[in-house]
Amino acid sequence: MSVLRSLEEKLAGLVEGTFSRAFKSEVRPVEIARKLAREMDQHKVVSLSRTYVPNEYTVWLSPRDREQFSGYEGDLREELSAYLLEHARRERLALVSRPEIGFKTDERLRLGEFGIQARLVRPDDDAGRAVSAEESHTQVYSASGRIAEKLAEPNVRRGRAQLRHEGRAILLGSSGALLGRSRECDVVIDDENVSRRHAEVRPSGGAWIVRDLGSTNGIKVNGQRITGAQSLRPGDRIQIGLSTLTYEEG
């Protein structure tokens, strides 16, 4: 039996064994472990000789799920850290430090949903302090297998509006989303042709619009360059720099 399989069974054992009484919510430790490994795999940074992966992870839970985990978080963090460490070794991925897992509560999450945010933190060589970090968007997973989504408030008035970018569905909150090259944007587009704060997609007058924020290279909708703002319909393609985002409603 491989070490990885052993660790998976050990994590599953937390549900059926010692901690079975504690984990009565829909979220299970083994589900979190597998999604953590997925986030590790999806946020690789390739250098000349190594492939680095995030070493800090924040797991967001609904209030009810977090309550079920209270009193066991310390043990669970250690188990998840060991799982990720072995996963990285098995896949020959480089870590700048042992994986650290933290738990937080988000009121917007429903029972059975959990979010994960991964960060690659580079420690200072002299003092060991974290001097820089690259972090991913928070991805929401569901124990019932719903699609991964960016953590945001659902738009209940018109259903779920979202942008699809590079194979990922980014759920739009009630205030919309900022698009650009800056890490402070809701949708970060790593492209020199994209301005730091390039455009926004937000609700307006009962519809969703895309608006250019005075970018250098502008935006196109369905291949046509626009000025100012334009309303969106499901299936519309928004081109920003070399990237194309598709607007959808579900």
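**Exercise 1. Strand β9 and its partners**

Task: Determine in which sense β9 and strand β19 (residues 243-249) pair, and over how many bridges.

Solution.
Step 1. Strands are DSSP runs of E with at least two residues, helices are runs of H or I with at least four residues, and both are numbered from the N terminus. Two strands pair if DSSP finds at least two bridges between them.
Step 2. Strands β9 and β19 pair in the antiparallel sense, over four bridges. One position of this pairing is arginine 164, whose bridge partner in β19 is threonine 246.
Step 3. Strand β9 also pairs with β10, again in the antiparallel sense and over four bridges. Here glutamine 162 stands opposite leucine 171 of β10.
Step 4. Strands of a sheet pair through backbone hydrogen bonds, either parallel or antiparallel.
Step 5. A residue is buried under 20% relative accessible area, exposed over 50%, and partly exposed in between (1.4 Å probe, protein chains only). Four of the five residues of β9 are buried, so this strand is largely enclosed by the rest of the structure.

The structure is a predicted model, in which local features need pLDDT of at least 70 and side-chain atom pairs count only at pLDDT 80 or more, while totals for chains, interfaces and linings use all residues. Residues are numbered from 1 along each chain as its sequence is written, and side-chain values use heavy atoms, with hydrogens and water left out.

**Exercise 2. Positive phi values**

Task: State where glutamate 166 is found and whether glutamate 166 is buried or exposed.

Solution.
Step 1. Most residues other than glycine have a negative phi.
Step 2. Glutamate 166 lies in the loop between β9 (161-165) and β10 (168-171). The hairpin of these strands has two residues between them, and glutamate 166 takes a positive phi near 55 degrees there.
Step 3. Glutamate 166 is exposed, with a relative accessible area of 70%.
Step 4. Arginine 92 has a positive phi of about 60 degrees, although this residue is not a glycine. Arginine 92 is located in the loop between α4 (73-90) and β4 (100-105), and is exposed at a relative accessible area of 76%.

**Exercise 3. An open sheet**

Task: Identify which strands stand at the edges of the five-stranded open sheet.

Solution.
Step 1. The order of the strands is β12-β11-β13-β14-β17, with mixed pairing.
Step 2. The edges are β12 (187-188) and β17 (229-231); each has a single partner strand, so one side of each is left without a neighbour in the sheet.
Step 3. The pairing of strand β14 (residues 207-212) with β17 is antiparallel and has three bridges. Within this pairing, isoleucine 209 has serine 231 of β17 as its bridge partner.

**Exercise 4. Nonpolar cores and helix α2**

Task: Find which residues of the largest nonpolar core touch the most other members.

Solution.
Step 1. A nonpolar core is a set of buried Ala, Val, Leu, Ile, Met, Phe, Trp, Tyr and Cys residues joined through side-chain atoms within 4.5 Å.
Step 2. The largest core has 22 residues, of which Ile32, Leu36 and Phe103 touch the most other members. At least two residues of this core come from each of α2 (29-42), β3 (56-61), α4, β4 and β5 (113-123).
Step 3. A second, separate core has 21 residues, including Ala161, Ala177, Trp208 and Leu232.
Step 4. A contact requires heavy atoms within 4.5 Å. Not counting residues up to four places away in sequence, phenylalanine 103 touches several residues, among them Ile32, Val59, Phe69 and Leu80.
Step 5. The buried residues of α2 include Ile32, Ala33, Leu36 and Met40.
Step 6. The expected span of a helix is 1.5 Å times one less than its number of residues. For the 14 residues of α2 this should be 20 Å, and the end C-alpha atoms are 20 Å apart, which agrees.

**Exercise 5. The whole chain and its confidence**

Task: Establish which strand has the lowest mean pLDDT among the elements of the protein chain.

Solution.
Step 1. The protein chain contains four helices and 19 strands. Buried residues make up 44% of its 250 residues.
Step 2. The predictor's confidence in each residue is its pLDDT, from 0 to 100. The chain has a mean pLDDT of 78, and 74% of its residues reach 70 or more.
Step 3. The lowest mean, 40, belongs to strand β8 (residues 149-150), and the highest, 96, to strand β18 (residues 237-240).
Step 4. The pLDDT is below 50 over residues 1-5 and stays under 50 over residues 14-25.
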